[in-house]
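Me: I am new to this structure and would like to go through it with you. Could you take my questions as they come?

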Amino acid sequence: KTSHAYTQVTLSVNCFAGDKNVPNTQLTVTDVKDLFEAARQSYKFRGNFGTGDGARQICYEQYNLVTDTKYLQKLFDYLVKPADFYQIAPLGGEVVPVLQEIATNKGHRLRFLAVQLLYEIARQTTKRLGSKASQLFCPHCLARCGPHKVRLPWWNSVTYYGCRVCGQSRMFLNVEGPVVAALDSNMTAEYSRQDHALRVNWLARRTLFDFDKVEIAQATDEDVERFAMQVGNDTDAARQPRYRQMCPVIAPGCNLSENTRRILGRMFGQVEVEKAVGYLPNNSLITEVSVKSSAS
C-alpha cells in the first residue's frame, strides 16, 4: 500500500484471559505498575508501539529498514521483558485505575497497550458477570456487582463489571435471594446462607453493607442503636434511599426498650404495628415491625 519501507516486530502469545489454557495470574497491582514503569524508562526507540489481536500482540513499527543488529537486539529484549503483560487482564477491575492512568498519559509509549487491556477487561467482565450482576456480592465489601464506566482518550469509554465499592471482578458470592442484616449474638459466623438468602451478622462485621432486610434476633439496646446510627449517617447513594422501604423484624425474646424502637422508627420509618409472622433460624418467634416513611 506504500512505497516506503518499514520495519515491524511483533510479540504474540497463544493464550489470553478467558482461554482455557491461561494460568492463574500471579501478578499484583504493584507488579503491573512496575511493569509499565520499567517499560517507560527503557531504551529510547525511534518507532511506535501498539497492540493487536485483542492485546495478544505487542507490536513495534519504525519507518525505514532497520539493519543495526545492536539496535534490533535491544528491541527484541525490550519486547520480551513485558511478556507478562498478557496476564494483566485476568486481574480485572483491580488493575483498572492503573491502566486508566497509563492510558491517559500521552507520554507513555505503551498507552495503547493499556487501552487495549481495558477493552479486554470490559469484554471479559461483561461476558462473565453482566447478565447476573444483581445477584453477585463481593465477599470483602459485601456490596453488589455492577457496571463501572471508564473514560479513555479521544472521548471514548468502556464499561466493565465489578464490585461497586472496590471494583474487583474476580470473586463473588452468588446470592439469588435477599441479603439480610442480622443482629444476632448467637450467630458465630460473619455470614451464612439460608435457602437462597444470605444472612450477614452486623454484630460480627460492625460496618454497613448492601442489604435488603433487617432481622434483630438477639442484641442489646446499645448494639441496635449503634447500627441505627450507622444507617442514619450512611451517605452511600445506592443504599441510603432503600432504608425507608425496609421493615425490621424483631424476635419477641429480644427485649428492646421503647427508646430503641423509636430510634429504629426514625431510621427506617414510623412504626405502625407488630404481629407474629414466623421463625428465625434459631427457632425464635419473630414479630414484624411494619414501617412507612413519614412526611417529616
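Me: In what kind of crossing does α6 pass α7?
Reply: The crossing of α6 past α7 is left-handed, meaning that the near helix is turned anticlockwise from the far one by less than a right angle, whereas clockwise would make it right-handed. Helices here are DSSP runs (H or I, at least four residues), as strands are (E, at least two), numbered from the N terminus. This is a predicted model, in which local features need pLDDT of at least 70 and side-chain atom pairs count only at pLDDT 80 or more, while totals for chains, interfaces and linings use all residues. Residues are numbered from 1 along each chain as its sequence is written, and side-chain values use heavy atoms, with hydrogens and water left out.

Me: At roughly what angle do the axes of α6 and α7 cross?
Reply: The axes of α6 (residues 221–233) and α7 cross at roughly 15° and come within 9 Å. Axes are lines fitted to C-alpha atoms, for helices over the stretch in contact, and angles run from 0 to 180 degrees between N-to-C directions. The two helices are therefore roughly parallel (under 35 degrees; over 145 is roughly antiparallel, 65 to 115 roughly perpendicular and the rest oblique).

Me: Which residues in α6 meet α7?
Reply: Asp221, Val224, Glu225, Phe227, Ala228, Val231 and Gly232 do so, and in α7 they meet Asn259, Thr260, Ile263, Leu264, Met267 and Phe268. Contact means heavy atoms within 4.5 Å.

Me: Is threonine 260 buried or exposed?
Reply: Threonine 260 is buried, at a relative accessible area of 0%. Buried means under 20% relative accessible area, exposed over 50%, and partly exposed in between (1.4 Å probe, protein chains only). Threonine 260 sits in α7 (residues 258–268). Apart from neighbours within four places in sequence, threonine 260 is in contact with Asp221, Val224 and Glu225.

Me: On to α3, then. Which residues of α3 are buried?
Reply: In α3 (residues 96–103), Val96, Val98, Leu99, Ile102 and Ala103 are buried. Seen down the helix axis, these buried residues fall within an arc of 160°, so they line one face of α3. That arc is taken from the directions from the helix axis to the C-beta atoms. Pro97 and Glu101, on the other side of α3, are exposed.

Me: Why do residues three or four places apart point the same way in an α-helix?
Reply: An α-helix has 3.6 residues a turn, so such residues point the same way.

Me: What does α3 meet in α4?
Reply: Val96, Leu99, Gln100, Ile102 and Ala103 of α3 meet Arg111, Ala114, Val115, Leu117, Leu118 and Ile121 of α4. The axes of α3 and α4 (residues 111–129) come within 8 Å and cross at roughly 140°. At that angle α3 is oblique to α4. The crossing of α3 past α4 is left-handed.

Me: New topic: how many disulfides does a search of the whole structure find?
Reply: The search finds zero disulfides, where a disulfide is a pair of cysteine sulfur atoms within 2.5 Å. For cysteine 145, the nearest cysteine sulfur is that of cysteine 163, 7.9 Å away. Cysteine 145 is buried, at 7% relative accessibility.

Me: Why does cysteine 166 not form a bond with cysteine 163?
Reply: The sulfur of cysteine 166 is 3.7 Å from that of cysteine 163, its closest cysteine sulfur, and this is too far for a bond. Cysteine 166 is partly exposed, at 40% relative accessibility.

Me: And the backbone: what is the phi of tryptophan 154?
Reply: The phi of tryptophan 154 is near 60°, a positive value in a residue other than glycine. Most residues other than glycine have a negative phi. Tryptophan 154 lies in the loop between β5 (145–151) and β6 (157–163), and it is partly exposed at 49%.

Me: Where is aspartate 195 found?
Reply: Aspartate 195 is in the loop between β9 (191–194) and β10 (197–201). Although not a glycine, aspartate 195 has a positive phi of about 55°. Its relative accessible area is 75%, which counts as exposed.

Me: Lastly, how many helices and strands are there in the protein?
Reply: The protein has seven helices and 14 strands. Of its 296 residues, 47% count as buried. Among contacts between residues at least 6 apart in sequence, 62% join residues at least 24 apart.
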